[in-house]
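Visitor: Could you take me on a close look at one part of this model, the pockets and what surrounds them? I work in computational chemistry, so please give me the cut-offs as you go.

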Amino acid sequence: MEILIISGLSGGGKSKAASFLEDVGFYIVDNMPAGMILKFAEFCAAGSGRYSRVALVYDVRTADTFDEFLEVLSTLRQREYDCKLLFLEADVASIINRYKETRRMHPLQELAGSLEGAVNQEISMMAPVRAQADIIINSTTYSTARLRGELLRLFGGSHRAGAMQVSLVSFGFKHGLPLEADLVFDVRFMPNPFYIDSMRDKTGLDREVRDYVFSFRETEQFLEKLRDLLGFVLPLYREEGKTVLVAAVGCTGGHHRSVAVTHALAEYVASLGYQVTENHRDMTRN
């Protein structure tokens, strides 16, 4: 059984981390007292795999001192659990800005008398926990996407960033843009098979139409440049933690040119090792 304890500074990113880890299969429990952690671990271990990945959020709200928690952590590591401690932090100025943006009160602010004093007091209190951490993430310069990507890389398993799914959609501009599209490419500059009687009722999945569309030099050049672009940007989206990227290719009606190009792109993206889905949204519409 995998037990991940999420700890760190208030405002360091623990709540976001817990949310992202829940998306990849962790069972999340927030604010669990140290005295209950061992019992909970035993309960989960007896659950026939139902709770095989557990993440417990433990922070300054839970106790005045962390002696009991450190003893529990040592016991967990000695048992047959895959136990890790993740510690999230940020610099003082960033934490203060985050609290000012959310208008929440730091859990130690009333006692410390000021927000800055509370943050510095928490840094001192949490030092023994930080010293035991297996992984420390300083989120000062992290965007939400970067934090998510880093957690997916560390704990994602089959959901990790390398498993990003690419969804390729063909569409017709006359029916409107796909709302979910991250990237949109317009192929209406290509010669249109619609104006050839023998092809009008066919689609870009038919060989005759595909051969016609790709018989033009500009089509091959465009596809080559599009392959170069996707080959460059897909790893960057993956590193940012994106799990699904939607790229849409549009022509006038969504029957011929966009379908042929989307199909060719799907074959190329699959050859790069990504999970690919291919959807021709308007191919059967009038």
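Guide: Happy to; here is a walk through the pockets and then the helix packing.

This is a predicted model, in which local features need pLDDT of at least 70, side-chain atom pairs count only at pLDDT 80 or more, and totals for chains, interfaces and linings use all residues. Residues are numbered from 1 along each chain as its sequence is written, and side-chain values use heavy atoms, with hydrogens and water left out.

Let's start with the largest pocket, whose volume is about 540 Å³. A pocket here is an open set of points on a 1 Å grid over the protein atoms alone, where a 1.4 Å probe fits, with protein on both sides within 12 Å along at least five of seven lines; lining residues have an atom within 4 Å of a point. Grid points are joined across faces, edges and corners, and the volume is the space filled by probe spheres set on the points.

The lining of this largest pocket has 24 residues, and Gly11, Gly12, Gly13, Lys14 and Ser15 are the closest to its centre. Two or more lining residues come from each of helix 1, strand 2 (27–30), helix 4 (92–102) and helix 7. Helices (H or I, at least four residues) and strands (E, at least two) are DSSP runs, numbered from the N terminus. By class, the lining of the largest pocket holds seven nonpolar, nine polar and eight charged residues. Ala, Val, Leu, Ile, Met, Phe, Trp, Tyr, Cys and Pro count as nonpolar, Asp, Glu, Lys and Arg as charged, and the others, Gly among them, as polar.

Two of those elements also pack together: the axes of helix 1 (residues 14–23) and helix 7 (residues 144–155) come within 10 Å and cross at roughly 50°. Axes are lines fitted to C-alpha atoms, for helices over the stretch in contact, and angles run from 0 to 180 degrees between N-to-C directions. Helix 1 and helix 7 are therefore oblique to each other; under 35 degrees counts as roughly parallel, over 145 as roughly antiparallel, 65 to 115 as roughly perpendicular and the rest as oblique. On the helix 1 side, Lys16, Ala17, Phe20 and Leu21 meet Thr144, Leu147, Arg148, Leu151 and Phe155 of helix 7, where contact means heavy atoms within 4.5 Å. These contact residues divide into six nonpolar, one polar and two charged.

Finally, the second largest pocket has a volume of about 220 Å³. Its lining has 13 residues, with Lys174, Phe194, Gly253, His255 and His256 nearest its centre.
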